[in-house]
Amino acid sequence: SYTTPAGGVGFAYHFDPSDAFILQVRGTKSWELCARRLTDPFGFSNLTYNQIPPGDLEVQNCEIFQLYEGDAVYLPIGQIHRAVATDGFSVHLTMSLNRQFCSSAALLLNVAEQINPSREYGFAQRPFVAWVNRVAADP
């Protein structure tokens, strides 16, 4: 759960490595939903990978809406967003869903890691991972 004082921002613009359902438990939050990115599963090892600077083009045309107590919203993986508590103390609950096996890329990457968990040798090397992500994203 995320507890935020009035006017507080839990996190700056960012995206998550999984799908998320947000349930507003107490108070109100103003949410900004911006662009969406195709994520790199290994990118999250860099702690700043999912953070988006405020001046970035991907956060220029965000949709803004309010979540009130009892409201919920779904954020797909890679959805750039941020939330700001409005009038007072606010609490929301995030339920993350890892859809690791919902794509052929994720399945191939998981098999590659099981064959050889090292990211320096074998199928889990960055060039192979990047290739799998490119192939899976190409319609």
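**Entry 1: aromatic pairs**

I began with Phe11, which is partly exposed at a relative accessible area of 48%. I keep in mind throughout that this is a predicted model. My search for ring pairs across the structure gave a count of two aromatic pairs. In one of them the rings of Tyr2 and Phe11 have centres 5.8 Å apart and planes at 75 degrees, and since an angle over 60 degrees counts as edge-to-face, I entered the pair under that heading. Tyr2, like its partner, is partly exposed, and its relative accessible area comes to 34%.

I then turned to Phe21 and Tyr74, whose ring centres lie 5.2 Å apart with 45 degrees between the planes, and I noted this aromatic pair as tilted. Phe21 sits in strand β2 (residues 19-26) and Tyr74 in strand β5 (residues 72-75), so that the pair links distant parts of the chain, 53 residues apart. For accessibility I wrote down 37% for Phe21, which makes this residue partly exposed, and 39% for Tyr74, which is likewise partly exposed.

**Entry 2: the sheet around β3**

I next followed the strand order and found an open sheet of three strands, β4-β3-β6, with antiparallel pairing. The edges are formed by β4 (63-67) and β6 (79-85), each of which pairs on one side only. I looked up the turn between neighbouring strands of this sheet, and the average, with direction ignored, is 25 degrees.

For the strand in the middle of that order, I listed the bridges on either side. Strand β3 (residues 29-36) is joined to β6 by six bridges, and the two strands run antiparallel; the pairing of β3 with β4, also antiparallel, extends over five bridges. On the β6 side I located Leu33 opposite His81, and Lys29 with Ala85 as its bridge partner. On the β4 side, Trp31 stands opposite Phe65. I also checked how much of β3 is covered, and six of its eight residues turn out to be buried.

**Entry 3: nonpolar cores**

I recalled before this search that nonpolar side chains tend to be buried together in soluble globular proteins. The largest nonpolar core that I found here has eight residues, namely Ala20, Ile22, Trp31, Leu33, Leu67, Val73, Leu75 and Ala83. Strands β2, β3 and β5 are the elements that give two or more residues to this core.

I took Leu67 as one member to examine further: leaving aside residues up to four places away in sequence, Leu67 touches Ile22, Gln24, Gly27, Thr28, Lys29, Trp31, Ala72 and Val73. Apart from the largest core lies another one, of seven residues, among which I noted Tyr13, Cys34, Val59 and Ile80.

**Entry 4: the disulfide**

Cys34 led me to the cysteines, and I found that the structure holds one disulfide. The bond joins Cys34 to Cys62, with an S to S distance of 2.0 Å. I read the torsion about this S-S bond as about 95 degrees, and the disulfide is therefore right-handed. Because Cys34 lies in strand β3 and Cys62 in the loop between β3 and β4, the pair ties together parts that are 28 residues apart in sequence.

I asked myself whether Cys34 is buried or exposed. At a relative accessibility of 11%, Cys34 counts as buried. Cys62, at 18%, also counts as buried, since the cut-off is under 20%.

**Entry 5: two exposed loop residues**

I finished with two residues in loops, each with a partner remote in sequence. Leu38 is found in the loop between β3 and β4, and with a relative accessible area of 65% this leucine is exposed. I looked up its separation from Gln79: the two residues are 41 apart along the chain, and their C-alpha atoms are separated by 9.0 Å.

Asp87 has its place in the loop between β6 and β7 (90-97), and I noted this residue as exposed too, with a relative accessible area of 76%. How many residues lie between Asp87 and Gly7 in sequence terms, and what is the C-alpha to C-alpha distance? I found them 80 residues apart in sequence and 7.0 Å apart in space.

Conventions
Residues are numbered from 1 along each chain as its sequence is written. This is a predicted model: local features need pLDDT of at least 70, side-chain atom pairs count only at pLDDT 80 or more; totals for chains, interfaces and linings use all residues. Side-chain values use heavy atoms; hydrogens and water are left out. Rings of Phe, Tyr and Trp (its six-membered ring) pair if their centres lie within 6.5 Å; planes under 30 degrees apart count as stacked, over 60 as edge-to-face and the rest as tilted. Buried means under 20% relative accessible area, exposed over 50%, partly exposed in between (1.4 Å probe, protein chains only). Helices (H or I, at least four residues) and strands (E, at least two) are DSSP runs, numbered from the N terminus. Two strands pair if DSSP finds at least two bridges between them. Axes are lines fitted to C-alpha atoms, for helices over the stretch in contact, and angles run from 0 to 180 degrees between N-to-C directions. A nonpolar core is a set of buried Ala, Val, Leu, Ile, Met, Phe, Trp, Tyr and Cys residues joined through side-chain atoms within 4.5 Å. Contact means heavy atoms within 4.5 Å. A disulfide is a pair of cysteine sulfur atoms within 2.5 Å.
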